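Biologist: I have a chain here and some questions about its fold. Can we go through it step by step?

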Amino acid sequence: MVGSIANSLVELGEDNTTPMVPLVNNVGTTCLTINEPEVGKEAVEARDASIEDVLVKYVEHLKERTQHHLGYPYNLDFDYGSVIAKLSGFSINNLGDPFIESNYGVHSRQFEVAVLDWFAHLWEINKQDYWGYVTSCGTEGNLHGILVGREVFPDGILYASKETHYSVFKAARMYRMECVKVETLVSGEISWEDLQAKLLLNRNKPAIVNVNIGTTVKGAVDDLDKVIQILERNGFKDRFYIHCDSALFGLMMPFFNQAPKITFKKPIGSVSVSGHKFIGCPMPCGVVITRSIYEKKLSDFNQVEYLASVDSTIMGSRNGLAPVLLWHGLNRKGYKGLRKAAQKCLRNAIYLKERLRESGISALLNPLSSTVVFERPIDPAFVQQWQLACEGNIAHVVVMPNITIAKIDGFIEELLEMRETWFRGGKIAKPCVAADIGRENCLCELHKV
């Protein structure tokens, strides 16, 4: 149960609505220590027992945190124990290019290329026409996709909606690219009018456009076809590069019949997706796919003699266990299993949104999304208890395959109990979040029907 309201209520800003977010306690004040081991049989036994005790307590902590995990898009419904046990004794490193074997022989390129081929098939690009690799996370996929775009158009301007994941703006800073932030609709989707207006201000320079296949906070999907139409209609034909940040929904949308297609049959340059999100994996990882004709601009300058390979990846040394686990997960689930899981997520997200609204809590659920946005809980301890992701006046739950109806019900019951205290049984007005999620989704006294 969360802590005392009196001790943990968030302070409100000057407008009495926007929370001033407290930072989580600095881990440096509570971290573990590393002690120099003593010699002697009894000292060794005591040391080993102490280490084991710490690990046992840590496992219990992880179990508890996993049970109260709602705000971040990680599928925690997986079991790779037997696979990891078989491979834990090897230092598996996929150094450099996945398609060119290096002198280092303890790698998993055969698994990695199988995973890449699967995604290339999903996004409809022929084997000889694509290049890609298994990344350390979705951010690395974005960094690589934006880098390729910059190499294709060195003087290009990067356009990204203001609700784009921060890693895209990080890429702009790292590569010293001119970056234009585009306004969004209240849903979180990119504003087509603002995109067109800002493109027209820079007609003399190519456009590198980040398209969100699910925004970070609201789960909004930018219309790829509309982006292409705007670019071609306004004089950017053959002078644009599109990177699709498909971190979560890029792997869910293909299994919804009504969803638009993310495909290389359209004039896109790259797609990235996270492996630890919808598929489920015990370590962060991801996949980035681009066109081989574009990748050649990087690989031509990245011959590495001591590897006997090429390396145009961001990280160089890469986790060789991740491709094995992705290969294992995709083989066990297949298209049918992924479709079933995606549809379950959508059903449970709808259930959560309806439960919230039935309880008088403002909530938004975008089409093709499993991200349910609602009023930000007032108590930071409650936010930390359920590991909710917050921004301004709103928070969200990302419904993943491990989020069951029972877990949703438990969360709602605790949230309603706490709200009775926060709003003193109705004596304090509920917050207005119309500006954040739209008037039609706000259930404050002013906007509720």
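What follows is a set of questions and answers on this predicted model.

Biologist: How many helices and strands does the chain have?
Modeller: The model is predicted, so this describes a computed fold. The secondary structure of the chain comes to 14 helices and 13 strands.

Biologist: What is the radius of gyration, and what does the globule rule give?
Modeller: For 449 residues the rule gives 22 Å. The chain comes close to that, so it is as compact as a globular protein of that length. Its C-alpha trace spans about 75 × 70 × 40 Å along the principal axes. The radius of gyration itself is 24 Å.

Biologist: What share of the residues is buried?
Modeller: Buried means under 20% relative accessible area. The chain has 449 residues to sort by that cut-off. The buried share is 54%.

Biologist: What share of the chain's accessible surface belongs to carbon and sulfur atoms?
Modeller: The accessible surface of the chain comes to about 22200 Å². Carbon and sulfur atoms account for 54%.

Biologist: Among contacts with a separation of 6 or more, what share joins residues 24 or more positions apart?
Modeller: Take the contacts in the chain with a separation of 6 or more. Residues 24 or more positions apart account for 71%.

Biologist: At what angle do helix α4 and helix α11 cross?
Modeller: Two packed helices are described by the angle and the distance between their axes. Helix α4 covers residues 109-122 and helix α11 covers residues 321-358. Their axes come within 8 Å. The crossing is left-handed, at roughly 35 degrees.

Biologist: Which residues make that contact, and how many of them are nonpolar?
Modeller: From α4 come Phe111, Glu112, Ala114, Val115, Trp118, Phe119, His121 and Leu122. From α11 come Pro323, Val324, Leu326, Trp327, Leu330, Tyr335 and Leu338. By class, the contact has 1 polar and 1 charged residue, and the nonpolar count is 13.

Biologist: Leu338 of α11 is in that contact. Which phenylalanine also touches Leu338?
Modeller: Look in helix α9, residues 276-280. The phenylalanine there has a relative accessible area of 1%, so it is buried. Besides Leu338, its contacts include Leu248, Met252 and Cys345. It is phenylalanine 278.

Biologist: How far is phenylalanine 278 from proline 401 in space?
Modeller: The two residues are 123 residues apart in sequence. They also touch each other. From C-alpha to C-alpha, the separation is 7.6 Å.

Biologist: Is phenylalanine 382 buried or exposed?
Modeller: Phenylalanine 382 is found in helix α12. Its C-alpha lies 8.5 Å from that of methionine 418, which is 36 residues away in sequence. Its relative accessibility is 0%, so it counts as buried.

Biologist: Is proline 154 buried or exposed?
Modeller: Proline 154 lies in the loop between α5 and β2. The cut-off for exposed is over 50% relative accessible area. Proline 154 has 67%, so it counts as exposed.

Biologist: Against which elements do the buried residues of helix α6 pack?
Modeller: Helix α6 covers residues 166-174. Its buried residues are Ser167, Val168, Phe169, Ala171 and Ala172. They pack against α5, β2, β3 and β4.

Biologist: Which residue just after α6 takes a positive phi?
Modeller: The phi value there is about 55 degrees. The residue is arginine 176.

Biologist: Where is glutamate 124, and what is its phi?
Modeller: Glutamate 124 is found in the loop between α4 and β1. With a relative accessible area of 25%, it is partly exposed. Its phi is positive, in a residue other than glycine, and is near 60 degrees.

Biologist: What is the phi of glutamine 387?
Modeller: Glutamine 387 lies in the loop between α12 and β12. Its phi is positive too, near 50 degrees.

Biologist: Which residues does histidine 447 touch, not counting residues up to four places away in sequence?
Modeller: Histidine 447 lies in the segment after α14. Its relative accessible area is 14%, so it is buried. Its C-alpha is 9.6 Å from that of valine 433, 14 residues apart along the chain. The residues touched are Cys432, Ala434, Arg439 and Cys442.

How values were computed: Residues are numbered from 1 along each chain as its sequence is written. This is a predicted model: local features need pLDDT of at least 70, side-chain atom pairs count only at pLDDT 80 or more; totals for chains, interfaces and linings use all residues. Side-chain values use heavy atoms; hydrogens and water are left out. Axes are lines fitted to C-alpha atoms, for helices over the stretch in contact, and angles run from 0 to 180 degrees between N-to-C directions. Helices (H or I, at least four residues) and strands (E, at least two) are DSSP runs, numbered from the N terminus. A crossing is left-handed if the near helix is turned anticlockwise from the far one by less than a right angle, and right-handed if clockwise. Contact means heavy atoms within 4.5 Å. Ala, Val, Leu, Ile, Met, Phe, Trp, Tyr, Cys and Pro count as nonpolar, Asp, Glu, Lys and Arg as charged, and the others, Gly among them, as polar. The radius of gyration is taken over C-alpha atoms; the globule rule is 2.2 Å times the number of residues to the power 0.38. Buried means under 20% relative accessible area, exposed over 50%, partly exposed in between (1.4 Å probe, protein chains only). Accessible areas come from the Shrake-Rupley method with a 1.4 Å probe; for residues, only the protein chains shown count as cover.
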